[in-house]
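Please open the structure in your viewer and keep the selection tool at hand. The tour below tells you what to select at each stop and what you will find there.

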Amino acid sequence: MGFRRNDRCRRDGALRVRRRHPPRGDRKTSPNDSAPIAPTSSSTSPKVSTERIARPTSPRSASSSTSRTPAATRSRSRCCLHKARTKDVLTAHGIPNASFSLIESEAALETLCPTNHRDRFVRLFLKPVQEGSSKGITERNLVRTRDELVSQARFLLDTYAQPVIAETFLPGAEFTCGVLGNGATAEVLPHRRDQLSARFPPGAVPIYGYEAKWIWDTPSDPLDIFECPARIDARLQAAIEDVVLRAYRVLGCRDWSRIDVRLDAAGVPNIVEVNPLPGILPNPEDNSCLPKAARAAGLIVRPADSKRAPARRRAV
């Protein structure tokens, strides 16, 4: 996934760079397009190189001309672009996340939920396995019956031409956490609590999905649903920070990331999503998580011109 390391060759004394594959961001289309797109460029942009800011770990590496991020770290960070692989890594390290199954075809639906088990169905939430910016994440993805599961899974398989995750729905509060730094020095910025029922239409499912980001939140009537820093007790804050930092490290995230957390029925923080290169839109009205958390932490963030309204509101 992502794009491969560039081939380099010298011709006529000049260093030229040849890409084997075009950057994934070059194939990006608008979230309003009907055709499915690859994961958004916020997590795959080739313009940001973590290799340039890798720190040397020994005198030998410090003396070398270029410090490079280990290949294992790069591949781990890329796995965040595939939700099932991310969850596999989290589970292997004992980091809480919702139990799930991967639906790769319609045939897998019978194995996931046999027809004779209709009375034992639990609420599931469906997601395309490789999308971003809430593409394919709508209210219809919360399924309560086998018939709803089959119908919505078929729709997602057809529309996005990729496998679909079916995970146990987490009914608790949702938090968005920005992380800065590397390794043992990484730290969690003030949490953003998404008060999803505050301004949603009556009866809406409490998820921060496509409708909330791209339809209900408008320049003329912005959704006021974010509390940052979140007003929570010290015990819950410590539990969220612990699970967030563990996920950040085992997935090989570097420099900054955004990690979404949701509480299960017992109040235990579970990892919902990991974005190793999230958006950093400076305009406060864009509701971009990292700048919002940075402002709450007292870090310097240059605000955008408040008189210039964005062409399209993007909450990332």
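The stops that follow begin with the whole chain and then turn to single residues and pairs.

**The whole chain**

Select everything first, and keep in mind that what you see is a predicted model. The chain has 8 helices and 12 strands, and of its 316 residues, 43% count as buried. About 16800 Å² of the chain is exposed, and carbon and sulfur atoms supply 50% of that area. If you consider the contacts in the chain with a separation of 6 or more, 65% of them are accounted for by residues 24 or more positions apart.

**Phe-125 and its surroundings**

Now select Phe-125, which you will find in strand β4. Is this residue buried or exposed? Phe-125 has a relative accessible area of 6%, and because the cut-off for buried is under 20%, it counts as buried. Leaving out residues up to four places away in sequence, Phe-125 touches several others, among them Ile-137, Leu-142, Ile-165 and Ile-207. Add Thr-168 to the selection, and you will see two residues that are 43 residues apart in sequence, while their C-alpha atoms are 6.2 Å apart in space.

**Aromatic pairs**

A search of the whole structure finds 4 aromatic pairs. One of them is formed by Phe-125 and Phe-169, a tilted pair with 6.3 Å from centre to centre and 35° between the planes. This pair links distant parts of the chain, with Phe-125 in strand β4 and Phe-169 in the loop between β6 and β7, 44 residues apart. Both Phe-125 and Phe-169 are buried.

Next, select Tyr-208 and Phe-226, whose ring centres are 5.5 Å apart and whose planes stand at 85°, so this pair is edge-to-face. Tyr-208 is in the loop between β9 and α6, whereas Phe-226 is in strand β10, 18 residues apart. Both Tyr-208 and Phe-226 are buried.

**Salt bridges**

Turn now to charged side chains, where a search of the whole structure finds 9 salt bridges. Select Lys-87 and Glu-167, whose side chains meet in a salt bridge at 3.0 Å, N to O. Lys-87 belongs to helix α3 and Glu-167 to strand β6, and the two are 80 residues apart. Lys-87 counts as buried at 6% relative accessibility, and Glu-167 is buried as well, with a relative accessible area of 8%. If you also select Lys-127, you will have a network of salt bridges that links Lys-87, Lys-127 and Glu-167.

Move on to Arg-262 and Glu-174, which form a salt bridge of 2.6 Å, N to O. Arg-262 lies in strand β11 and Glu-174 in strand β7, so the pair ties together parts that are 88 residues apart in sequence. Both Arg-262 and Glu-174 are buried.

For a further salt bridge, select Glu-227 and Arg-231, whose side chains meet at 2.9 Å, N to O. Here Glu-227 counts as buried at 8% relative accessibility, whereas Arg-231 is exposed, with a relative accessible area of 67%.

**A buried charge without a partner**

Finally, select Glu-211 in helix α6. Which side chain of opposite charge is nearest to Glu-211? The nearest is that of Arg-140, 5.6 Å away, and Glu-211, although buried, has no salt bridge. Select Arg-140 in turn, and you will find that it lies over the face of Phe-155, at 5.5 Å from the ring centre.

Technical notes. Residues numbered from 1 in each chain as written. Predicted model: local features only at pLDDT ≥ 70, side-chain atom pairs only at ≥ 80, totals over all residues. Heavy atoms only, no water. Helix = DSSP H or I, 4+ residues; strand = E, 2+ residues; numbered from the N terminus. Buried < 20%, exposed > 50% of the residue type's maximum accessible area, 1.4 Å probe, protein only. Lys, Arg positive; Asp, Glu negative; His and termini not counted. Salt bridge = Lys/Arg side-chain N within 4 Å of Asp/Glu carboxyl O. Phe/Tyr/Trp six-rings, centres within 6.5 Å; stacked < 30°, edge-to-face > 60°. Lys NZ or Arg CZ within 6 Å of the ring centre and 35° of its normal. Contact = heavy atoms within 4.5 Å. Areas by Shrake-Rupley, 256 points an atom, 1.4 Å probe, with all protein chains shown as cover.
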